[in-house]
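Let's take a friendly walk through this structure, stopping at a helix pair, a cavity and some aromatic rings. Have your viewer open as you read.

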Amino acid sequence: MTIKPIHVAIWLPASFYSAVAATLVEMLELVNALRREPAFSFEFVARGPVAAASSGIAFPARPQPTAPVDVLVLLAMPGLNVPEMLLALAEESGHARPLIEQARQQGAIIAAHCGAAYFLADAGLLDGRRATISWWLKEDALRRFPKVRWDPSRLLLRQDRIYSCGGGFSGLELATALLRDLGFAREERIVRKLLVLPPARRSQTPYEFPLDEAAPQPFRDRLLEVARADLPALSPDSLAETFGLSPRTLARRFAEELQTTPGRWIQDRRLDAARDLLERGDLGVAEICYRVGYQDAASFSRLFSRRTGLSPGEYRRQAR
């Protein structure tokens, strides 16, 4: 008896990682080869007949799926400039929405890779559901889509027939999870070995770093200099004094240039410093707490766990 292949449509946005798109297809092809039958069929869907990755590699694509979709995978748009990426995501979301709605009506599994969770949230599919997104987009996601139960510390989340993952090559975790859930656990284990994939990962928090370092700007550079000089003593009032601004003007500048508040920015820098100390040294949690500017180790541990999804000890084990 011939079994109908599971049809996978892969949405390619205006820019994407060629390695992720190609690896997804290679994994499906490997499953077909291992089973000696077409367990999967697949095609790329995009706005034009050719979709160009950020590397310039071209992928042939169709404007619409040629068969009913069983699995829709939405690829993300790369980039480190968050404001520019958010504008690009907003534009791309309008193009992806009809395909998302079509897949929803067909009862398909819908999987969002990295920042593509923005498309699902914008379409209302994540309201009331748990989801994750690339860690560098979490602040905007939490603010823009408050009905979503965001957990940006997680690398992969699935609820009902909707999957989300965070980070560029979390697409590997997404692909292997889909294979297992679709009944190809044996093949998934072999594919993981053939491609020498890393062990399954649960959290994207150990991969975070201050985006200020990737896209430096004068205001951010000066802020980082001040923070490095005396992080424990840093406060919104001391920043206002250093920059010669009123607290209200400082808050407005933070909102305009960094899309956050002075207090939240200071908290993020302290947590960044704590993560660095946990990764590089053997200091105890209490000593790290004091070094980054907190006075109570228990409160610090609770804050760290709430913001990262991992206790300080578990973070240290996963980051090394």
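**Two helices that cross**

In this predicted model, start with helix 9 (residues 236-243) and helix 10 (residues 247-258), whose axes come within 9 Å and cross at roughly 95°. Angles of 65 to 115 degrees count as roughly perpendicular, so helix 9 is roughly perpendicular to helix 10. Which residues meet here? From helix 9 come Pro236, Asp237, Leu239 and Ala240, and they meet Pro247, Leu250 and Phe254 of helix 10. Sorted by character, the residues of this contact are six nonpolar, no polar and one charged.

Now turn to the empty space inside. Searching the whole structure for cavities of 30 Å³ or more turns up one, and the volume of the largest cavity is about 120 Å³. If you would like to display its lining, select Val8, Ile10, Leu24, Leu28, Phe40, Val71, Val73, Ala175, Leu178, Leu179 and Leu182. At least two lining residues come from each of strand 1 (6-11), helix 1 (18-35), strand 5 (71-74) and helix 5 (171-181). Which element gives the most to this lining? That is helix 5, with three residues. As for character, the lining divides into eleven nonpolar residues, no polar and no charged.

Our last stop is the aromatic rings. How many aromatic pairs does the structure hold? There are twelve. One to look at is Phe16 with Phe59: the ring centres are 5.5 Å apart and the planes lie at 65°, so this pair is edge-to-face. Phe16 sits in the loop between strand 1 and helix 1, while Phe59 belongs to strand 4 (residues 58-60), so the pair ties together parts that are 43 residues apart in sequence.

Methods:
Residues are numbered from 1 along each chain as its sequence is written. This is a predicted model: local features need pLDDT of at least 70, side-chain atom pairs count only at pLDDT 80 or more; totals for chains, interfaces and linings use all residues. Side-chain values use heavy atoms; hydrogens and water are left out. Axes are lines fitted to C-alpha atoms, for helices over the stretch in contact, and angles run from 0 to 180 degrees between N-to-C directions. Helices (H or I, at least four residues) and strands (E, at least two) are DSSP runs, numbered from the N terminus. Angles under 35 degrees count as roughly parallel, over 145 as roughly antiparallel, 65 to 115 as roughly perpendicular and the rest as oblique. Contact means heavy atoms within 4.5 Å. Ala, Val, Leu, Ile, Met, Phe, Trp, Tyr, Cys and Pro count as nonpolar, Asp, Glu, Lys and Arg as charged, and the others, Gly among them, as polar. On a 1 Å grid over the protein atoms alone, a cavity is a set of points where a 1.4 Å probe fits but cannot get out, and a pocket is an open set with protein on both sides within 12 Å along at least five of seven lines; lining residues have an atom within 4 Å of a point. Grid points are joined across faces, edges and corners, and a volume is the space filled by probe spheres set on the points. Rings of Phe, Tyr and Trp (its six-membered ring) pair if their centres lie within 6.5 Å; planes under 30 degrees apart count as stacked, over 60 as edge-to-face and the rest as tilted.
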